[in-house]
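Student: Could you take me through one part of this protein closely? I would like to see how that part sits within the whole.

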Amino acid sequence: MAQRKKRQPQPRSGFFTKLVILALLAAIGWQLYRIQDHLDAAETERDQYAALVAERERENAAMKADLEEGPTEEKLLEIARDELGLVKPGEYVFEPGG
């Protein structure tokens with residue numbers, strides 16, 4: 001007759017082992033929470049930069065159209081008013097805060 005091997009009892013995990021595993025899981029959860037915060041902030045920043053890029057692209061398209069159109073009298077008057085302070089006879093200028 002064949003002899004049966006006796007099963008050796010499996011060592012049971014103790015309280016300390018369970019506590020260490022719980023602490024590790026808590027630390028991993030906390031790190032995931034912090035990473036999610038960083039991810040949310042990065043997505044917000046990305047959206048802000050995307051809006052800024054879109055605005056700059058619109059400005060560039062407007063400038064390109066102005067260059068292709070060439071110097072018109074209307075554009076020259078606009079530049080003279082905005083940048084050089086041109087005032088036509090009979091016009092009144094009101095300065096903000098003044």
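Tutor: Let's look at helix H2, which runs over residues 73-84 of this predicted model. H2 has 12 residues and reaches 15 Å from its first C-alpha to its last, close to the 16 Å expected at 1.5 Å a residue. Just after H2 comes Gly 85, with a positive phi of about 80 degrees.

How much of H2 is covered? Of its 12 residues, the number buried is one, so H2 lies largely in the open. That fits the picture for the protein, where 1% of the 98 residues count as buried. The exposed surface of the protein comes to about 10,100 Å², and carbon and sulfur atoms supply 59% of that area.

Now let's follow the contacts of H2, beginning with Lys 75. The side chain of Lys 75 meets the side chain of Asp 66 in a salt bridge, with 3.4 Å from N to O. Why might two such side chains meet? Side chains of opposite charge can pair when their charged atoms come close. The pair also counts as a polar contact between the two side chains, at 3.4 Å. Lys 75 has a relative accessible area of 25%, which means that Lys 75 is partly exposed rather than buried, since buried would need a value under 20%. Asp 66 is partly exposed too, because its relative accessible area is 31%.

Where does Asp 66 belong? Asp 66 is found in helix H1, so let's turn to that helix for a moment. H1 covers residues 15-69, which makes 55 residues. From first C-alpha to last, H1 reaches 81 Å, close to the 81 Å expected at 1.5 Å a residue. H1 is followed by Gly 70, whose phi is positive, near 90 degrees. Taken together, the secondary structure of the protein is two helices and zero strands.

Back in H2, a second salt bridge joins the side chains of Arg 81 and Glu 91, at 2.4 Å from N to O. This pair links distant parts of the chain: Arg 81 is in helix H2, Glu 91 is in the segment after H2, and they are 10 residues apart. With a relative accessible area of 36%, Arg 81 is partly exposed. Glu 91 counts as partly exposed as well, at 34% relative accessibility. Elsewhere, salt bridges that share partners join Glu 55, Arg 56 and Glu 59 into one network.

How many salt bridges are there in the whole structure? The search finds six. One of them pairs the side chains of Arg 46 and Asp 47, at 3.4 Å from N to O. Here Arg 46 counts as exposed because its relative accessibility is 52% and the exposed class starts over 50%. Asp 47, at 44%, is partly exposed.

Charged pairs are one side of the story, so let's finish with a nonpolar feature. Ile 21, Leu 25, Ile 28, Leu 32 and Ile 35 make a nonpolar surface patch of about 510 Å². Ile 28, one of these residues, has its place in helix H1. What helps in reading the spacing of such residue numbers? An α-helix has 3.6 residues a turn, so residues three or four places apart point the same way.

To return to your chosen part: H2 lies largely in the open, Lys 75 pairs with Asp 66, and Arg 81 pairs with Glu 91 in the segment after H2.

Terms used: Residues numbered from 1 in each chain as written. Predicted model: local features only at pLDDT ≥ 70, side-chain atom pairs only at ≥ 80, totals over all residues. Heavy atoms only, no water. Helix = DSSP H or I, 4+ residues; strand = E, 2+ residues; numbered from the N terminus. Expected span 1.5 Å × (residues − 1). Patch = residues over 30% accessible without salt bridge, like charges linked within 9 Å, V, L, I, M, F, W, Y side chains within 5 Å. Areas by Shrake-Rupley, 256 points an atom, 1.4 Å probe, with all protein chains shown as cover. Salt bridge = Lys/Arg side-chain N within 4 Å of Asp/Glu carboxyl O. Buried < 20%, exposed > 50% of the residue type's maximum accessible area, 1.4 Å probe, protein only. Polar contact = N/O pair within 3.5 Å; in protein donor to acceptor, adjacent residues only side chain to side chain.
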